[in-house]
Amino acid sequence: MKLSGKRLLITGASSGIGAATAEAAARRGVELALVARSVDKLESVAARIRQGGGSVTTHAYDVCDAEQVARLAGEVPSPDVLFNNAGAGKWKPMLETEPAEAAAMMAAPYLAAFYTTRAFLPGMIARGSGVCAFMNSAASRLVWPGATGYIAARWAVRGLFESVRMETAGTGVRAAMATFAKVSSEYWENNPGSEAHIPPVQRMVPVLSPSQVADAILDGLAAEREEIVAPWQLRMFFLADRLFPATVRWQMRSKEK
Ligand SMILES: NC(=O)c1ccc[n+]([C@@H]2O[C@H](COP(=O)([O-])OP(=O)(O)OC[C@H]3O[C@@H](n4cnc5c(N)ncnc54)[C@H](OP(=O)(O)O)[C@@H]3O)[C@@H](O)[C@H]2O)c1
């Protein structure tokens, strides 16, 4: 798929991976619609894109609110690519996670992606083209102690991706999922305490920058890949998990630094 001239809607575009993907996409000639709650941050991303000659609109909405998502869909034409990226959540063990925190972690990313995809999918199906892309984490396949709400929500996003892939077969619309290990984004400041629960095995997988992740996402979308996984060491972990699940579970539980 040629990305230049395509319309890309990114949720969670005010910071981190979403902002980096927006800026990298603008450099590739993509027209952007950026969504997040923080107006100032969203406007600074858009200003940098406009300075570079890019085309961008901003939409300050909370994508965990189905009514706000409906308003968003009334404001933005059906995109060629919808990138469900908005997400948050502190990494904590179950017994330290309040019920309200568990619900909030399910709201963003999972319900946000459900509402936004449900709002834009009919336009894509009517046109017979489009990509529903989902941001995801190594936590959608591997499990370790200390991040219960985060892990459960990322498994939910993976289920949503698989379901959308099934239900759009034959319509001309595609689903894609991008999965990464640790990224050096603002996530860790925005969700304090989370870094303490990163499993020690993460040291075997290089940390990517938001711009490396942005390039991997855009290259994957251009190549029409359904599953984008980086870096390659993470793909090795997924393979090991399929072949030797008990060994990988033991490794994920290991507290050795
Ligand atoms: N950082 C990592 O190591 C890593 C690795 C793999 C996957 N991921 C996933 O990548 C996604 C993006 O994370 P990031 O690293 O870029 O973190 P980030 O810098 O904290 O960015 C999160 C983005 O989501 C937006 N957002 C959160 N709740 C929202 C809501 N209810 N409505 C609209 N926007 C909302 C935030 O904007 P506002 O606050 O302005 O609304 C922000 O733009 C997350 O789903 C995360 O789980 C991260």
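Two strands are said to pair if DSSP finds at least two bridges between them, and with that in mind you can begin the tour of this predicted model at its sheet.

**The sheet.** Select the strands and follow them across the sheet, which is open, has seven strands with parallel pairing, and runs in the order S3-S2-S1-S4-S5-S6-S7. As you step from one strand to the next, the twist averages 15°. Now colour strand S3 (56-60) and strand S7 (227-230), which stand at the edges; each has a single partner strand, so one side of each is left without a neighbour in the sheet.

Next, select residues 130-137, which form strand S5, together with residues 173-180, which form strand S6, and you will have a pair that runs in the parallel sense over eight bridges. Within this pair, look for Met135, which stands opposite Ala178 in S6.

**Two helices.** Move on to helix H3 (residues 66-75) and helix H4 (residues 99-127), whose axes come within 9 Å and cross at roughly 35°, and whose crossing is right-handed. To see where they touch, show the side chains of Ala66, Val69, Leu72 and Ala73 in H3, which meet Tyr115, Thr116, Ala119 and Phe120 in H4. The residues of this contact divide into seven nonpolar, one polar and no charged.

**The ligand.** Now centre the view on the ligand and display the 30 residues around it, of which Ser15, Arg37, Ser38, Arg154 and Ser185 come nearest. Start with Ser15, where a polar side-chain atom lies 2.4 Å from an oxygen atom of the ligand, and then turn to Ser185, where a polar side-chain atom lies 2.5 Å from an oxygen atom of the ligand. At Gly87, look at the backbone instead, for here a backbone N or O atom lies 3.5 Å from an oxygen atom of the ligand.

**Backbone details.** Finish with three places that are best viewed with the backbone atoms shown. Return to helix H4, where Pro109 has its place, and inspect the peptide bond that leads to Pro109 from Ala108, which is cis with omega near 25°. Then select Ala230 and Pro231, which are joined by a cis peptide bond with omega near -5°; Pro231 lies in the loop between S7 and helix H8 (232-243). The last stop is Glu224, in the loop between helix H7 (210-222) and S7, where phi is near 60°, a positive value in a residue other than glycine.

Definitions and conventions: Residues are numbered from 1 along each chain as its sequence is written. This is a predicted model: local features need pLDDT of at least 70, side-chain atom pairs count only at pLDDT 80 or more; totals for chains, interfaces and linings use all residues. Side-chain values use heavy atoms; hydrogens and water are left out. Axes are lines fitted to C-alpha atoms, for helices over the stretch in contact, and angles run from 0 to 180 degrees between N-to-C directions. Helices (H or I, at least four residues) and strands (E, at least two) are DSSP runs, numbered from the N terminus. A crossing is left-handed if the near helix is turned anticlockwise from the far one by less than a right angle, and right-handed if clockwise. Contact means heavy atoms within 4.5 Å. Ala, Val, Leu, Ile, Met, Phe, Trp, Tyr, Cys and Pro count as nonpolar, Asp, Glu, Lys and Arg as charged, and the others, Gly among them, as polar. A residue is near a molecule or strand if one of its heavy atoms lies within 4 Å of it. A polar contact is a pair of N or O atoms within 3.5 Å; within protein, one must be able to donate a hydrogen and the other to accept it, and residues adjacent in sequence count only if both atoms are side-chain atoms.
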